[in-house]
Amino acid sequence: MSAIRTTGLSKRYGETVAVDDLSVTVESGEVFGMLGPNGAGKSTLIGMLCTLSTPTDGEATVNGYDIRSERDAVRDSIGVVFQEPALDEELTAAENLAFHARMYGLSREERRERIGDLLDLVELADVADDPVGEYSGGMKRRLEIARGLIHEPEVLFLDEPTLGLDAQTRRATWRYIERMNDERGVTVVLTTHYMEEADHLCDRVAIVDDGNVIALDTPTTLKAQQGGDMLELGLEGDVVTLTARLEDTPWVESVTATDAGVQVALAGDRTRVPDVVRLADETGVTITAVEVHRPSLETVFLALTGNTIAEAAAEGKQ
Amino acid sequence: MSLLDPQAVYALWLRDVKRFVRTPSQVAGTLVFPLMFLVFLGTGFSDAALPGIPAGVEYIQYLVPGIVGFTMLFGASFGGATTALIQGSLVFLIAIPLGFRVANPLLLPVVAVVLLLLAVTFVGFGVALASQFSDTQGFGLLIQFIVFPIFFLSGALFPLSELPAVAQYLGRVNPLTYGVDALRGALVGASTYPLALDVLALGVSAAVMVAVGAWLFGRVESV
């Protein structure tokens, strides 16, 4: 069964279209990422799937339940971690989890067992009895993730799970997300505007811009569609002959002259660098610099929208 | 997950109490306003004879139920029912050394019921208002603009009978009017309306406010 299926889902606020006729399917057990600039409609989509807001148009099911007519069933089967932290700072980690467990009607035994397990999972067992107000940003985020799992949901929504965290804490948070996906088999739907995060964590990535999914595939496939690696060569000598020879080579897509040398678009990946060096040697051209550019999701976004994610976010704000 | 689930209600209550007892500065802060009213008005007007106050009832006797009612209004709109009940009880206790005397201790259970109904009413009121605001600052500001008129139009400080007719009508649809009057009836033995009528009016307002609060809150969309 698909964890999530939307058909023509739309959300409009007056003239503004936040989510535009969206049809996507999220498979059970996958980590599904929505990558896009702020204001692309990612949070609006999550809000609708969590039954916090009502779609203007279209249908969607979460774990087989309709988001309009079966709101309670949807809510019971999902966990959510919002962008804004929503923990009780005066309470301890264990008390925060116990509160949620009681809200979901868990028995005393279930509560004790799951709170212990989850605090171990996010490595907060040592500080379980400290007030959350004393926690760092990363610890709070981990506790929120644990809280999202307390009622053993089938789908966990994470809205920008590492927003505002430093690089090290971000990597640690990725580890926890990966671990609970592996160990619990929970389907994870996350939004992010960090390329690396989508690339590193997600089985499939939907690239979202202006309320539309403009591409949807595995990160590897998305990047492969952008072609091979790009070589930036600094050259001294007979560049014209080298260019001609490179252009005759099957694993070269194109060669473009630059100020310092040439830019070579490879059909393959960077394992072709030694071959390029050999060709240059044979032609008597000296290579003064080599730079390899691998296609990233940023390249994908740029190719699809003509903007970098940062530019798109800046535009969205205007 | 259901609001009528007793375990969920208990969870909310437990959280409310824990948060309250762990923030002593807030406990003190929320009591400052009521205590200032109590001490300054209670001593300043101690010998004053206000029209509309029954003969033989000292002003401090008249004032304490009003300030307890105000504490319930303030505490429950901002916080929770339990914290408001604790605050209201604290004000009541602090009033005793200031000269407040309970006329009939047998009616104390009625006082508890009245406080509970007031708490429920104003929690519903707070939730209804909160549902209309996405930022807490706007909510905080507005509630001050609403809370004080409710307070002054409840007969907490002075009898409504001396106010213009319009204000008197507003006072009659104000739940706090019946709460303060009921507290006076039970604690001091002097009330404008019969105690049963007060309690009935409070029961109705509690039910209405909770229903309105729940309905408005259910319609809230997160953006």
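Helices and strands are taken here as DSSP runs, with at least four residues (H or I) for a helix and at least two (E) for a strand. The model is predicted. In chain A, residues 4-235 are 35% helix and 28% strand, and the end C-alpha atoms of this span lie 53 Å apart. UniProt, in an unreviewed entry, assigns the feature "domain: ABC transporter" to these residues of chain A.

Chain A as a whole contains 12 helices and 15 strands. Its C-alpha atoms occupy a box of roughly 80 × 45 × 40 Å along the principal axes. The chain is divided into domain 1 (2-224) and domain 2 (230-293), and the C-alpha centres of these two domains of chain A are 45 Å apart. Of the 318 residues of chain A, 41% are buried. Among contacts in chain A between residues at least 6 apart in sequence, 70% link residues at least 24 apart.

Between the chains, 15 residues of chain A are in contact with 13 residues of chain B. On the side of chain B that touches chain A, six residues are charged, four nonpolar and three polar.

Within chain B, helix 6 comprises 17 residues (residues 136-152). At 1.5 Å a residue the expected span of helix 6 of chain B is 24 Å, which agrees with the 24 Å between its end C-alpha atoms. The buried residues of this helix are B:Ile143, B:Val147, B:Ile150 and B:Phe151. In an α-helix, residues three or four places apart point the same way, because there are 3.6 residues a turn. The buried residues of helix 6 of chain B pack against helix 3 (59-78), helix 5 (108-130) and helix 8 (175-187) of chain B.

Conventions
Residues numbered from 1 in each chain as written. Chains lettered and ligands numbered in written order. Predicted model: local features only at pLDDT ≥ 70, side-chain atom pairs only at ≥ 80, totals over all residues. Contact = placed C-beta atoms within 7 Å. Nonpolar A, V, L, I, M, F, W, Y, C, P; charged D, E, K, R; others polar. UniProt positions renumbered as here; feature names shortened; annotations may be inferred. Expected span 1.5 Å × (residues − 1). Buried ≥ 20, exposed ≤ 12 C-beta atoms within 10 Å, placed from the backbone. Domains from an automatic or database assignment.
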